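Here is a friendly walk through the sheets of this protein and the helices that pack on them. Have the model open as you read.

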Amino acid sequence: MAAPDVPAAKRAGLAVDIDRLAVDGDDWLTPAQRYALKTYGVCAQQQEHVFMVRIRIAGGVLPTEQARGVARLARRFGPDWLHITTRQNLELHWVRDRDVPSLLEHLAQIGMTTRSACGHTMRNVICSEDAGVGLDEPFDCLPDARLVSDAFVARSAELNVALPSRVNISFGGSPWCREHARMNDASFVSVLRDGEPGYELWAGGSLGKSPSLAIRVAEFVPRPDTLRAAEAIFDVFIAHGDFDNPSKARLKFAVAALGEDGFRAEWQSAFAAAEQRPHPDPPVVEVLDDADHAAILARRPPGGWSQGVRPQRTPGLALLTIDVPLGDTNASELDLIADLADRYGDGHVVLSRDQDIVLRNVPVEHVSAVRAALLDRGLFFAHEARVPRVRACTGSAVCALGITDAPGAGRELATSLALGRNASLRVHVSGCPNSCAQHQAADIGLAGAKVRVRGATDDGYHLFLGADIVNGVAGEAVGRVAESDVPAAVTAVVGLWEALRHPGESLAQTVRRIGIPAVGQLLEAAMDDRFATGVEPETELVNT
């Protein structure tokens, strides 16, 4: 089917009769109507007559009753497969065209929505998993993340026909959140100024084929002005984004066209206008005291603290991160985790930006019981399985934009001895250049593409190294490798780092010190010409 004319579809109002799917299936859908379905979180797969349905979960926090409800729906409407995304969504795949209306109705009955989960919309608003409880968070920013999400989803019918492209928003105050802030269209970094809670505001970040890291728009936005600040970002984007050219429509291009100072001036003007409009008061949150690390760490769980068992601000409570390989789980696993959250935690499961599940407010004396219950099902806390942790999108198996089987590459890399020796390395595999797995932010990033190596063109990957997002540097393409040679290429990268790194030097620091061209040449030699430096020219993808 021909690609949709997205600007024309938006000007026409994005009308689509979802209920008709139940009667007639999807053969009648025009390209424009298929695009309109995306704004309801319903996206065509590679296969005919089936869809992926993406569920918004603002801030990733899911009450256990909703978790059990979506588990039941995964069994009923698909192959019992739930995928956690890097934006804290849940995806159900292989949903039959005639079942889509019923699934959406059942989701609404349990208080869940798919609205604006895909397409040129405000995507799910992500939030720190540690908000309100972690040692690095100055206050709980989840209420503000939900306020922004609810406000703009309520305006989705108006905004989805006006936005030039999608808008990704993040909230959080930890060092990792500060890194995430550089990769989102709009990011609110939790800070205190003279004891007052508020946010640094960043804007214009995005990866994909034209990576650009966000600029700081405002040093401090008081919490009561959070929604106004977000509205101002949207108003500037609608006024200055390239509505008619989807491939150049992201907010980063508007920032580039206006210049950093020009964009800040436009935002300040839009913010002043937003201040004249009424807005709801934000919920009251507690400003957290400085953490008493000695008292907190003294109440340790059996086995001690680790990356998967972290201390909360309240002595005696722990954050437990459950490893969900490649973000893929099923109904019985989600049911089990919901039961553990009810019995030992706070009645919520939290979907993480690393495609894992976090339990909060677990007393340290119960950590062993949770660990044992997980082990009975072959599940582990993060980094306790002693295998590499690899992030991957769903890839060509189901995604209409996918070029390569990203999960397959991820599963192969999970057996890598080189990565096993260096479990802290972040490996992200995207099935196309669109960077759904954020390959340009990883220690080792892979982006699916058609590549030419040793005179043959095949499915493969561009290899990205050198990312240092906090310091404003995205990973760069070093070269390309065929799909079958990805494990060997990653092993070669790790081996070069182990051989050449200086004491305390990260992989990115080693790569930058040696230089991207030199690293490419070293890899080419190490792999006997199964690696080629540089990248293949490709047709630009929209909405990157």
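## The six-stranded sheet

In this predicted model, six strands make up an open sheet with mixed pairing, in the order 16-17-18-19-20-21. Its edges are strand 16 (390–392) and strand 21 (531–533); each has a single partner strand, so one side of each is left without a neighbour in the sheet. On average, neighbouring strands here are turned by 30° against each other, direction ignored.

For a parallel pair, look at strand 17 (residues 427–430) and strand 18 (residues 444–453), which are joined by four bridges. One residue pair to find is H428 with its bridge partner G445 in strand 18.

## Helices across that sheet

Helix 15 (residues 406–413) lies across strands 16, 17, 18 and 19, and runs at about 155° to strand 17. Helix 19 (residues 516–526) crosses strand 19, strand 20 (476–482) and strand 21, running at about 155° to strand 21.

## The five-stranded sheet

Another open sheet has five strands in the order 3-14-15-12-11, with antiparallel pairing. Strand 3 (61–63) and strand 11 (309–311) are the edge strands, each pairing on one side only. From one strand to the next, the twist averages 30°.

Within this sheet, strand 12 (residues 317–322) pairs with strand 15 (residues 357–363) over five bridges, in the antiparallel sense. Here L320 has L359 of strand 15 as its bridge partner.

## Helices packed on it

Helix 4 (residues 64–77) packs on the sheet and touches strand 3 and strand 14 (348–351), its direction making about 85° with that of strand 3. Helix 13 (residues 331–344) also packs on the sheet, touching strands 12, 14 and 15; its direction makes about 20° with that of strand 15.

Methods: Residues numbered from 1 in each chain as written. Predicted model: local features only at pLDDT ≥ 70, side-chain atom pairs only at ≥ 80, totals over all residues. Heavy atoms only, no water. Pairing = 2+ DSSP bridges. Helix = DSSP H or I, 4+ residues; strand = E, 2+ residues; numbered from the N terminus. Axes fitted to C-alpha atoms, helices over the stretch in contact; angles between N-to-C directions. Contact = heavy atoms within 4.5 Å.
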